[in-house]
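Trainee: I am new to this structure and would be grateful for a close look at a single part of it. Please choose one element and describe how it sits among its surroundings.

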Amino acid sequence: MEALLSSGNLEEGICWEKLDNLLRTRISNEPWTLLEQLTDHLGRELLSEFPAIAKLRVMLKKRPFVHADWVGVELCWER
């Protein structure tokens, strides 16, 4: 993203339509048991498919039980 901001060249950016299509396809076409597993798969694929992404950080929060507090895990990927 820094390259896009400094150059103004759209080729340095991310095609949001391509990103949206990739996410929708992966989420709907494969059975996922764990959100952590899905998130890890998507993070690795995003780095592979989008060279403009240098670092990706996702905070995954979920409530495992109805009356439980939220729990979270942070997943990070970097080139």
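Mentor: What follows is an account of one helix, with the whole chain described beforehand and single residues afterwards.

The model is a predicted one. The protein contains 3 helices and 2 strands, and these elements follow one another in the pattern α-α-α-β-β. The chain has 79 residues, of which 20% count as buried. Its accessible surface amounts to about 6,300 Å², and carbon and sulfur atoms contribute 54% of that area. If one takes the contacts between residues at least 6 apart in sequence, 40% of them link residues at least 24 apart.

The part chosen for the close look is helix α3, which covers residues 35–49. This helix is made of 15 residues, and the distance from its first C-alpha to its last is 21 Å, close to the 21 Å expected at 1.5 Å a residue. The buried residues of α3 are L38, T39, L42, G43, E45, L46 and L47. Three elements receive the packing of these buried residues: helix α2 (16–29), strand β1 (55–62) and strand β2 (71–78). Four residues of the helix may now be taken in turn along the chain.

L35 belongs to helix α3. Its relative accessible area is 41%, and L35 is therefore partly exposed, since that class lies between the limits of 20% and 50%. Once residues up to four places away in sequence are set aside, L35 touches L60 and K62. K62 is 27 residues away along the chain, yet the C-alpha atoms of L35 and K62 are separated by 8.8 Å.

T39 is also placed in α3. Here the relative accessible area is 12%, so T39 is buried, the cut-off being under 20%. A polar atom of the T39 side chain lies 2.7 Å from the backbone oxygen of L35, which connects T39 with the residue just described. Not counting residues up to four places away in sequence, T39 touches V58, L60, L75 and W77. L60 is thus a residue touched by T39 and also by L35.

H41 is another residue of helix α3. With a relative accessibility of 29%, H41 counts as partly exposed. Leaving aside neighbours within four places in sequence, H41 is in contact with R26, E30 and W32. Of these, R26 stands 15 residues from H41 along the chain, and their C-alpha atoms are 9.0 Å apart.

E45 likewise lies in α3. Its relative accessibility is 14%, and because this value is under the 20% limit, E45 counts as buried. Leaving aside neighbours within four places in sequence, the residues in contact with E45 are L22 and R26. With R26 there is also a polar contact of 2.8 Å between the two side chains. R26 accordingly appears twice in this account, as a contact of E45 and as a contact of H41.

Two remarks on rings complete the description. The structure holds 0 aromatic pairs. A ring does, however, take part in an arrangement with a charge: the charged end of K18 sits over the ring of F50, at 5.3 Å from the ring centre.

In summary, the buried residues of α3 pack against α2, β1 and β2. Within the helix, T39 touches residues including V58 and L75, whereas E45 and R26 are joined through their side chains. L35 and H41, by comparison, are partly exposed, at 41% and 29% respectively.

Methods:
Residues are numbered from 1 along each chain as its sequence is written. This is a predicted model: local features need pLDDT of at least 70, side-chain atom pairs count only at pLDDT 80 or more; totals for chains, interfaces and linings use all residues. Side-chain values use heavy atoms; hydrogens and water are left out. Buried means under 20% relative accessible area, exposed over 50%, partly exposed in between (1.4 Å probe, protein chains only). Contact means heavy atoms within 4.5 Å. Accessible areas come from the Shrake-Rupley method with a 1.4 Å probe; for residues, only the protein chains shown count as cover. The expected span of a helix is 1.5 Å times one less than its number of residues. Rings of Phe, Tyr and Trp (its six-membered ring) pair if their centres lie within 6.5 Å; planes under 30 degrees apart count as stacked, over 60 as edge-to-face and the rest as tilted. A charge sits over a ring if NZ of Lys or CZ of Arg is within 6 Å of the ring centre and within 35 degrees of the ring normal. A polar contact is a pair of N or O atoms within 3.5 Å; within protein, one must be able to donate a hydrogen and the other to accept it, and residues adjacent in sequence count only if both atoms are side-chain atoms.
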